[in-house]
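Here is a short report for a first look at this protein. Begin with the sequence and the model, then read on.

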Amino acid sequence: MAASLGLRGAASGLRYWSGRPRPAASLAAVCSRSMASKTPVGFIGLGNMGNPMAKNLMKHGYPLILYDVFPDACKEFQEAGEQVASSPADVAEKADRIITMLPTSMNSVEVYSGANGILQKVKKGSLLIDSSTIDPSVSKQLAKEVEKMGAVFMDAPVSGGVGAAQSGNLTFMVGGVEDEFAAAQELLGCMGSNVIYCGAVGTGQAAKICNNMLLAISMIGTAEAMNLGIRSGLDPKLLAKILNMSSGRCWSSDTYNPVPGVMDGVPSSNNYQGGFGTTLMAKDLGLAQDSATSTKSPILLGSLAHQIYRMMCAKGYSTKDFSSVFQYLREEETF
């Protein structure tokens, strides 16, 4: 398979690298990029994450062939001279390297296997990278369908949020055939500072689900601690400072604090707009719950976090950032 991949298989690199400048071993990938830049890359899904990810590919010289179910999402790319396709199948007909960034398992199945999906027109030897966060079992099923068509499927969900997507500092957790990792790394390295090979198809999703479960638990814990401290008479900025120089420090406290006014440039200081939606967090926690059931793994706090985010969705928080759990706790007096 690798021999038939042409330019997309020319990149070489490490199983794992992080940070900038990049290792010398990635030089081949950088060199091949100038050649590969003449070959368009397909990108499907231009939402809060997909939009800046696609822009970073453009900055690295890759012409794009784009599709989004909402045509308005493609306008700024079209105005910049990029091609807009009429369907996922149209993208697959015009590009042999495609990245998808979609909200749910159902969306991924439709984009790949639907009546106008990628598999209707995919070319043999194509590399298909799904950066959506979906059920690992769905990734495995899609990989089987893609393999039947003579192409390669890899799951590569991301961590880091919109800010990291904009700055090109995402972490990619990659599952798939190891021999194809270098080819995937060539593209993913344009959008992230960490590209990590996790194992077979589905392991990237497993790593992402574990990360987001921990993130939800730590965000709820941070919100509870901040709320308790404020109600006990502490200034929120002072409390955050103390937490962030103490053993309770975590990403939710020092980088994405959920209390309005404590930090600039985060959703909590913008009425919880933007960022990572509560609905998506509830969805990811549902995936964690499903995985825990299938592997017979106890996730007591993960299950409780899932319940809390589902309640938030039912009480008007679905479109707010997941850090709005602080606001939810402040307003709820019945626990």
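Two residues are in contact when heavy atoms of theirs lie within 4.5 Å. With that in hand, the packing of one helix can be read. The buried residues of α10 pack against α9 (203-231). The model is a predicted one.

**Helix α10**

Which residues of helix α10 (residues 236-244) are buried? They are Leu239, Ala240 and Leu243. Seen down the axis of α10, these buried residues fall within an arc of 100°, so they line one face of the helix. Lys237 and Lys241 are exposed, on the other side of α10. The N-terminal end of α10 has a cap, aspartate 235. A side-chain oxygen of aspartate 235 lies 3.0 Å from the backbone nitrogen of lysine 237.

**The whole chain**

The protein chain has 14 helices and ten strands. It has 335 residues, and 50% of them are buried. The exposed area is about 15000 Å², with 57% of it supplied by carbon and sulfur atoms. Take the contacts between residues at least 6 apart in sequence: 65% of them join residues at least 24 apart.

**Cores**

In soluble globular proteins, nonpolar side chains tend to be buried together. The largest nonpolar core here holds 35 residues. Phe43, Met53, Leu57, Phe172, Leu188 and Met191 touch the most other members. Helix α8 (residues 181-188) gives this core its largest share, five residues. A second, separate core has 32 residues, including Ala223, Met226, Leu239 and Ala240. Leu239 and Ala240 are also among the buried residues of α10.

| Core | Residues in core | Some members |
|---|---|---|
| Largest nonpolar core | 35 residues | Phe43, Met53, Leu57 among them |
| Second, separate core | 32 residues | Ala223, Met226 among them |

**Two residues up close**

What does phenylalanine 172 contact, leaving aside its neighbours within four places in sequence? Its partners include Met53, Leu188 and Met191. Ser131, Ala156, Pro157 and Val158 are also among them. So are Gly192, Asn194, Val195 and Ile196.

Threonine 100 is found in strand β5 (residues 97-100). Is threonine 100 buried or exposed? Threonine 100 has a relative accessible area of 0%, and buried means under 20%, so threonine 100 is buried. Not counting residues up to four places away in sequence, threonine 100 touches Ile44, Val111, Tyr112, Ile118 and Ile129. It also touches Asp130, Ser131 and Ser132. Ser131 is among the contacts of phenylalanine 172 as well.

Notes. Residues are numbered from 1 along each chain as its sequence is written. This is a predicted model: local features need pLDDT of at least 70, side-chain atom pairs count only at pLDDT 80 or more; totals for chains, interfaces and linings use all residues. Side-chain values use heavy atoms; hydrogens and water are left out. Helices (H or I, at least four residues) and strands (E, at least two) are DSSP runs, numbered from the N terminus. Buried means under 20% relative accessible area, exposed over 50%, partly exposed in between (1.4 Å probe, protein chains only). Accessible areas come from the Shrake-Rupley method with a 1.4 Å probe; for residues, only the protein chains shown count as cover. A nonpolar core is a set of buried Ala, Val, Leu, Ile, Met, Phe, Trp, Tyr and Cys residues joined through side-chain atoms within 4.5 Å. The arc is that of the directions from the helix axis to the C-beta atoms. A polar contact is a pair of N or O atoms within 3.5 Å; within protein, one must be able to donate a hydrogen and the other to accept it, and residues adjacent in sequence count only if both atoms are side-chain atoms.
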